[in-house]
Amino acid sequence: MIKRVHTRAFSNIALIKYWGKVPGGDNIPATPSISIALRELSTETEVERFDVGEDRVFINGVKATDKDTERITSYLDMWRELELIEGNYSISSRANFPIAAGLASSASGFAALAKALAEFSRIKLGKRKLSQLARRGSGSAARSVTGGLSAFPVGKDPAARLLIDARRLSYGMVAITVDSARKKISSREGMEHTRQTSPFYNKWIKLGAQDYKEMLRAINLRNLTRIGELMESNTLAMHSCIMSARPPIVYWSPATIYIIQKVRSWRDEGLDVYFTIDAGANVFVLCMKDDMDLVASKAEKLQGVVKVIKSEPGGGAEVISRQ
Ligand code: 2P0
């Protein structure tokens, strides 16, 4: 019987965003999404099984907060209720990037955890089932199970599927992290507040579905200009909807707008670069892999930038070792 498993999953950044849930569902997104996994942003998770005692959760080497412990033990309860696993577990998760700073930590975290729990499962779980189970922990985690360029449709019990393998992608992303004084509202809280109070929420849901179809077409054509322009429009539509909630949520900082304008000016100068922004102030730039060094060197010189991370696409969630 397996006693201990070590897994890794990469974080992902959406080109078409998931924002909003179907009320009353099992964490079912209201908008379909498309993302690229990032090899430089990963979470490694070690899971050990015990037959007696309670679940224990450690994040980056220290005991997790009550809130994080509760979220993860409830997730383990779901696996136990589905009779996939039994017993109790010690979970130790380490991200190589700041947790909860708008760098998609729950995506890689829940994908790595689901991948590890699958090793303890009574029945063999395929990729589709694993993506569905990861989604129950965090919507974006469904896409980190499959990695590469993945699409995550809506519907009943949806799962992500791989569109293009990481090794076959010619694009990369440059993460530009900035100083943000604002206390972060979690994506989960933010999307529920948006659903309940934004006058533009229904419009956003319709637009998300249209953008998703259009993005699939642009990806098929390998048209970076179309992919990038659509990604920018979709991210701005999502943030407009979020900002129109009452009271408003503004995830951006002054540096966010400054970087958006810089990216547009680099494009005017001939660089093929496009921005996207998650539930935070950081900006992610999509470009050809060959342009990442130039983009990073330009980004590092900008005022208000804390750290620049260049990343090629990453693969799906994987087992590093099992005992
Ligand atoms: C995305 N985000 O598509 C969008 C863009 C943030 C902005 O998916 O409640 O942490 O755990 O399902 O997955 C963040 O949402 O939310 C997210 P839950 P999650 O990447």
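Analyst: Two strands count as paired if DSSP finds at least two bridges between them, and the helices (H or I, at least four residues) and strands (E, at least two) are themselves DSSP runs, numbered from the N terminus. The model is predicted, so local features need pLDDT of at least 70 and side-chain atom pairs count only at pLDDT 80 or more, while totals for chains, interfaces and linings use all residues. Residues are numbered from 1 along each chain as its sequence is written, and side-chain values use heavy atoms, with hydrogens and water left out.

User: In which order do the strands of the open sheet of four strands stand?

Analyst: Strands of a sheet pair through backbone hydrogen bonds, either parallel or antiparallel. In this open sheet of four strands the pairing is antiparallel, and neighbouring strands are turned by 25° against each other on average, direction ignored. The order of the strands is β9-β10-β8-β11.

User: Which strands stand at the edges of that sheet?

Analyst: A strand at the edge has a single partner strand, so one side of it is left without a neighbour in the sheet. The strands in this position are β9 (274-276) and β11 (305-311).

User: Over how many bridges do β8 and β10 pair?

Analyst: Strand β8 covers residues 171-178 and strand β10 covers residues 283-288. One place where the residues can be followed is G172, which stands opposite C287 in β10. The two strands run in the antiparallel sense, and the number of bridges over which they pair is six.

User: Which helix packs on the sheet, touching β8, β10 and β11?

Analyst: Helix α7 (residues 224-243) lies across β8, β9 and β10 and runs at about 30° to β9; here axes are lines fitted to C-alpha atoms, for helices over the stretch in contact, and angles run from 0 to 180 degrees between N-to-C directions. Another helix, covering residues 292-300, has a direction that makes about 175° with that of β11. With contact meaning heavy atoms within 4.5 Å, the helix that touches β8, β10 and β11 is α9.

User: Which element gives the largest share of the largest nonpolar core?

Analyst: A nonpolar core is a set of buried Ala, Val, Leu, Ile, Met, Phe, Trp, Tyr and Cys residues joined through side-chain atoms within 4.5 Å, and of the 37 residues in the largest one, W19, V174, I259, W266, V273, V285 and V295 touch the most other members. At least two residues each are supplied by β8, α6, α7, α8 (254-268), β10, α9 and β11. The largest share, five residues, comes from α8.

User: How many residues apart are E318 and R8?

Analyst: A salt bridge is a side-chain nitrogen of Lys or Arg within 4 Å of a carboxyl oxygen of Asp or Glu, and the structure holds 21 of them. E318 forms one with R8, with the closest N and O atoms 2.7 Å apart. The pair links distant parts of the chain, since E318 is in strand β12 (residues 318-322) and R8 is in strand β1 (residues 4-16), and the separation is 310 residues.

User: Is R135 buried or exposed?

Analyst: R135, in helix α3 (residues 127-137), pairs with D157, in the loop between β6 (149-152) and β7 (161-164), and the closest N and O atoms of this salt bridge are 2.8 Å apart. Buried means under 20% relative accessible area, exposed over 50%, and partly exposed in between (1.4 Å probe, protein chains only). D157 has 28% and is therefore partly exposed, whereas R135, with a relative accessible area of 1%, is buried.

User: In which helix do R217 and E214 both lie?

Analyst: R217 and E214 form a salt bridge, with their closest N and O atoms 3.0 Å apart. R217 is partly exposed at 48% relative accessibility, and E214, at 24%, is also counted as partly exposed; E214 touches R226 and L230 as well, residues up to four places away in sequence not being counted. R217 and E214 are three residues apart, about one turn of the helix, and that helix (residues 201-220) is α6.

User: Which backbone nitrogen does the side chain of D55 reach at 2.9 Å?

Analyst: D55 lies in the loop between β2 (33-50) and β3 (56-59) and is buried, with a relative accessible area of 14%. Its side chain makes a polar contact with the side chain of N88 at 3.2 Å; such a contact is a pair of N or O atoms within 3.5 Å, where within protein one must be able to donate a hydrogen and the other to accept it, and residues adjacent in sequence count only if both atoms are side-chain atoms. The backbone nitrogen reached by the side chain of D55 at 2.9 Å is that of Y89.
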